[in-house]
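Student: I am new to this structure. Could you take me through one part of it closely, a helix and what lies around it?

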Amino acid sequence: MNFKLKIWRQADAKAKGGFETYEVNDISEDTSFLEMLDILNNNLIHEGKEPVAFDHDCREGICGMCSLHINGEAHGPDTEVTTCQLHMRKFHDSDTITIEPWRSAAFPVIKDLVVERSAFDKIMQAGGFISVNTGGVPDANTIPVPRDAAACIGCGACVATCKNGSAMLFVAARVSSLAKLPQGKVETLRRAKAMIAKMDELGFGGCTNTRACEAECPKSISISHIARLNRKFLTAKFKD
């Protein structure tokens, strides 16, 4: 299979970026999307050109690092997969594929397809922890937790897809997964307030329930968690 790639290139956060076009040929349909980018970079290096910078780590759909907008869709045309799990058989021979970084004010571009997502870490630092003495409660690892909320890998597809750049699905998933643990229930209200406050401080947009985040989430996390987060937040405000 042969492809034409329109890839966003940007030297650094302050530079003006733009699309550059490349071609890759004889790509197997079983090649993963990131392997295809590896092949492109190998070709560029042999040609004495600068390779394309992109994020990746586990390549198993776990770490959330491989965040790319592919033909206008977060993680590409397949459903319930991350970019590293996407294979070239999802495209057609001679397709033109447009590859961009996440587009969000809260995720500034570092270089090419790599964005700065430390804003998620700051939200977690604001409230995503358990600090109370819960006595003889069983260890959290022994307690089954529903997969939906805890499955969030923090990739940022929800933010990049949302027309408002909202991080509500990410925050809601984190609050829900901790609230469902005996150790985490005690601080649920405090956690909801703290994490939403930090989200607003960092410039993420508000949620208007378009469900775009749910549709593009590689782990299919439901927006029902956003409803739960809103209830916890309002309860905390009433108690205040």
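Tutor: Let us look at helix α5 and its surroundings. This is a predicted model, in which local features need pLDDT of at least 70 and side-chain atom pairs count only at pLDDT 80 or more, while totals for chains, interfaces and linings use all residues. Residues are numbered from 1 along each chain as its sequence is written, and side-chain values use heavy atoms, leaving out hydrogens and water.

Helix α5 spans residues 168-179 and packs against helix α9, residues 224-239, at an angle of about 70 degrees, with the axes 8 Å apart. Helices here are DSSP runs of H or I with at least four residues, and strands are runs of E with at least two, numbered from the N terminus. Axes are lines fitted to C-alpha atoms, for helices over the stretch in contact, and angles run from 0 to 180 degrees between N-to-C directions. The two helices are therefore roughly perpendicular, a label for angles of 65 to 115 degrees.

On the α5 side, the residues that meet α9 include Met168, Leu169 and Val171, and their partners in α9 include Ile226 and Leu229. By class, this contact has eight nonpolar, three polar and one charged residues. Here Ala, Val, Leu, Ile, Met, Phe, Trp, Tyr, Cys and Pro count as nonpolar, Asp, Glu, Lys and Arg as charged, and the others, Gly among them, as polar.

Ser176 also belongs to α5. With 1% relative accessibility, Ser176 counts as buried, since buried means under 20% relative accessible area, exposed over 50%, and partly exposed in between, with a 1.4 Å probe and protein chains only. Setting aside residues up to four places away in sequence, Ser176 touches Ala149, His225 and Arg228, where contact means heavy atoms within 4.5 Å.

Now for the wider setting. The largest nonpolar core has 35 residues, and Phe120, Leu169, Val171 and Leu229 are among those with the most contacts inside it. Such a core is a set of buried Ala, Val, Leu, Ile, Met, Phe, Trp, Tyr and Cys residues joined through side-chain atoms within 4.5 Å. Two or more residues come from each of α2, α4, α5, α7 and α9, and α5 gives the largest share, seven residues.

Helix α5 also helps to cover the buried residues of α2, along with α4 and α7. In α2, residues 118-127, those buried residues are Ala119, Phe120, Ile123 and Gly127. Phe120 is in contact with Ala167 and Phe170, among others, leaving aside neighbours within four places in sequence.

Note on methods
Parallel < 35°, antiparallel > 145°, perpendicular 65-115°, else oblique.
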